[in-house]
Amino acid sequence: MTDDVGADHPGTVASGVDHAVPDDTALLLDVMLGKLATYLRMCGYDAEYALDGGDETEDGADGARDARADPGDDGLLARANAEGRVLLTRDVRLAERAPRSVLLAEREPIAQLRELESVGFAVSLDEEPSRCGVCNGRVEAVSRGESVPDYAPDPAETALCRCRDCGQVFWRGSHWRDVEARLNGEEQ
């Protein structure tokens, strides 16, 4: 795979999917779309990223899962099929091989979100975070008295969520507002 789509790239093409909403559309993003995965998670999508590993990832020599290994096209196709996921990619040949895929042409995540909107994807931030932007796990509310990392605001003053899987703490702060403004087409 290369990052250049080339002059022969057909543009945004959806195959086997005519609309998508976060509650019923699971996604798998290829290795070129890591930043987009974070944005889709902020929109509430179950958006697995190829380099995050997954159930089909093999263990390394030491028995630990190698979450950063490129699974290759065949591995991505097998995982998308096994997990019932729509494959998002910028790779024309990979998209052609997937029964359910969206071929993207743009490089920047906000432009890619616009492409997804153009083929029927619902793209807006959740009122409250539901997915971890780091690992894609589900998040839950942090109670007022719970301890939080130093980087997080006081839960007595700000509504916080914590990922059930990796422990990352989230809130609707400046990053959230920046993404929201960009999605709404406002200046940053």
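Start your tour by selecting β2 and β3: these two strands run parallel and are joined by four bridges. Strands here are DSSP runs of E of at least two residues, helices are runs of H or I of at least four, and both are numbered from the N terminus. Now pick Ala 26, which stands opposite Asp 46 in β3.

A word on what is on screen: this is a predicted model, where local features need pLDDT of at least 70 and side-chain atom pairs count only at pLDDT 80 or more, while totals for chains, interfaces and linings use all residues. Residues are numbered from 1 along each chain as its sequence is written, and side-chain values use heavy atoms, with hydrogens and water left out.

**The sheet**

Widen the selection to the open sheet of five strands, with mixed pairing and the order β1-β5-β4-β2-β3. Strands pair if DSSP finds at least two bridges between them. At the edges are β1 (13-15) and β3, each pairing on one side only. Direction ignored, neighbouring strands are turned by 20° against each other on average.

**Helices on the sheet**

Next, show α1, which packs on the sheet and touches β2, β3 and β4. Its direction makes about 160° with that of β3. Then add helix α2 (residues 72-83), lying across β2, β3 and β4 at about 175° to β2. Contact means heavy atoms within 4.5 Å; axes are lines fitted to C-alpha atoms, for helices over the stretch in contact, and angles run from 0 to 180 degrees between N-to-C directions.

**The core**

Turn on side chains for Leu 29, Leu 40, Leu 88 and Phe 121: of the 30 residues in the largest nonpolar core, these touch the most other members. Such a core is a set of buried Ala, Val, Leu, Ile, Met, Phe, Trp, Tyr and Cys residues joined through side-chain atoms within 4.5 Å, where buried means under 20% relative accessible area (1.4 Å probe, protein chains only). α1 gives the largest share, five residues. Domain 1 (10-124) and domain 2 (125-187) both contribute residues, so this core lies between them; the bounds come from an automatic or database domain assignment.

Centre on Leu 88: leaving aside residues up to four places away in sequence, its contacts include Leu 36, Leu 40, Val 102, Leu 116 and Phe 121. Apart from this core lies another, of eight residues, among them Leu 76, Leu 77, Leu 87 and Ala 98.

**Zooming out**

Finally, show the whole chain, with its five helices and eight strands. Of its 188 residues, 43% are buried.

Technical notes:
Buried means under 20% relative accessible area, exposed over 50%, partly exposed in between (1.4 Å probe, protein chains only).
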